[in-house]
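Welcome, and please take a moment to look over the model below. The report that follows walks through a few of its residues and then turns to the ligand.

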Amino acid sequence: MSTGQTIIGSHDAAGLKFGIVVAKFNDLITERLLAGAKGTLEQAGAEKIDIVWVPGAFEIPLAALKMAQSKKYDGIVCLGAVIRGSTTHYDYVCNEAVKGISHVGLQTGVPASFGVLTVENLEQAFERAGSKLGNKGSEAAMATLEMVNVLKKI
Ligand code: INI
């Protein structure tokens with residue numbers, strides 16, 4: 001029989017500090033994602049939550065990186081809404097956002113979650129921002145929290 005342990009992160013945020021980076025672009029949606037993320041972290045008992053607004057999803061990674069490098073935060077939640085238009089701008093913004101946010105966690109060791117909606121239209125965005133498909137901001141906050149706690153145990 002093999003030996004070893006199973007490691008899993010809790011959703012207890014007591015004593016933990018979080019940064020939230022949220023894009024102003026499509027703020028009708030992102031303010032709902034923010035409400036979901038903030039409410040989730042507050043309910044879990046977070047000690048501190050700082051919020052940084054940036055122009056669009058493309059700008060999220062740089063602000064998230066700066067927050068992570070500051071060593072003031074246990075985890076970063078990144079929120080945005082990229083809605084496909086008639087140009088290829090959508091693909092560039094999505095690609096840079098996902099790549100950049102992933103880079104933040106891998107480079108600094110501070111977990112940064114991807115709470116950026118990438119959808120076809122406004123209806124799909126609303127569905128994921130506190131309506132019938134849940135709130136992806138809240139889910140991203142949960143993911144950050146779980147990663148903070150699981151990384152502490154590894
Ligand atoms: N930014 C978004 O957050 N969502 C979008 O849907 C979007 N679209 O469709 O263009 C968007 N563009 C702006 C981009 O994030 C930058 O702010 C801009 O390119 C300036 O760097």
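In which helix is Ala37 found? Ala37 belongs to helix 1. Please keep in mind throughout that this is a predicted model.

**Pairs that are distant along the chain**

Let us stay with Ala37 for a moment. Ala37 counts as buried because its relative accessibility is 0%, and the cut-off for buried is under 20%. Its C-alpha atom is separated by 8.3 Å from that of Asn135, although the two residues are 98 residues apart along the chain.

Ala68 offers a second example, this time in helix 2. Its relative accessible area is 3%, so Ala68 is buried as well. Between the C-alpha atoms of Ala68 and Phe18 there are 9.7 Å, with 50 residues separating the two along the chain.

A loop residue can be treated in the same way. Gly85 lies between strand 3 and helix 3, and with 47% relative accessibility Gly85 counts as partly exposed. Its partner here is Val119, 34 residues away along the chain, with 9.8 Å between the two C-alpha atoms.

Here are the three pairs side by side.

| Pair | Separation along the chain | C-alpha distance |
|---|---|---|
| Ala37 and Asn135 | 98 residues | 8.3 Å |
| Ala68 and Phe18 | 50 residues | 9.7 Å |
| Gly85 and Val119 | 34 residues | 9.8 Å |

**Two loop residues with positive phi**

Most residues other than glycine have a negative phi. With that in mind, two residues deserve a look. Lys71 is not a glycine, yet its phi is positive, near 65 degrees. You will find Lys71 in the loop between helix 2 (60-69) and strand 3. Is Lys71 buried or exposed? Lys71 counts as exposed because its relative accessibility is 76%, and exposed means over 50%.

Asn26 also has a positive phi, of about 60 degrees, without being a glycine. Its place is the loop that runs between strand 1 (17-23) and helix 1 (27-43). With a relative accessible area of 24%, Asn26 is partly exposed. Asn26 also leads us to the next topic, since this residue is one of those that surround the ligand.

**Around the ligand**

Where does the ligand sit? The ligand occupies the largest pocket. Two elements give two or more residues to the shell around the ligand, namely strand 3 (75-83) and helix 3 (89-108). Strand 3 gives the most, with 3 residues.

Which residues surround the ligand? The shell consists of Phe25, Asn26, Gly56, Ala57, Phe58, Glu59, Ala81, Val82, Ile83, His89 and Val93. Sorted by class, this shell has 7 nonpolar, 3 polar and 1 charged residues.

Several polar atoms of the protein lie beside oxygen atoms of the ligand, and it is worth following them one by one. For Asn26, a polar side-chain atom is found 3.3 Å from a ligand oxygen. Ala57 takes part through its backbone, with a polar atom 2.8 Å from an oxygen atom of the ligand. In the case of Glu59, an N or O atom of the side chain is 2.5 Å from an oxygen atom of the ligand. As for cover, the ligand has 460 Å² of accessible area on its own, and the protein covers 76% of this.

Methods
Residues numbered from 1 in each chain as written. Predicted model: local features only at pLDDT ≥ 70, side-chain atom pairs only at ≥ 80, totals over all residues. Heavy atoms only, no water. Near = heavy atom within 4 Å. Polar contact = N/O pair within 3.5 Å; in protein donor to acceptor, adjacent residues only side chain to side chain. Areas by Shrake-Rupley, 256 points an atom, 1.4 Å probe, with all protein chains shown as cover. 1 Å grid on protein atoms, 1.4 Å probe; cavity = no way out; pocket = protein on both sides within 12 Å on 5 of 7 lines; lining within 4 Å. Sits in = over half its atoms within 2 Å of the grid points. Helix = DSSP H or I, 4+ residues; strand = E, 2+ residues; numbered from the N terminus. Nonpolar A, V, L, I, M, F, W, Y, C, P; charged D, E, K, R; others polar. Buried < 20%, exposed > 50% of the residue type's maximum accessible area, 1.4 Å probe, protein only.
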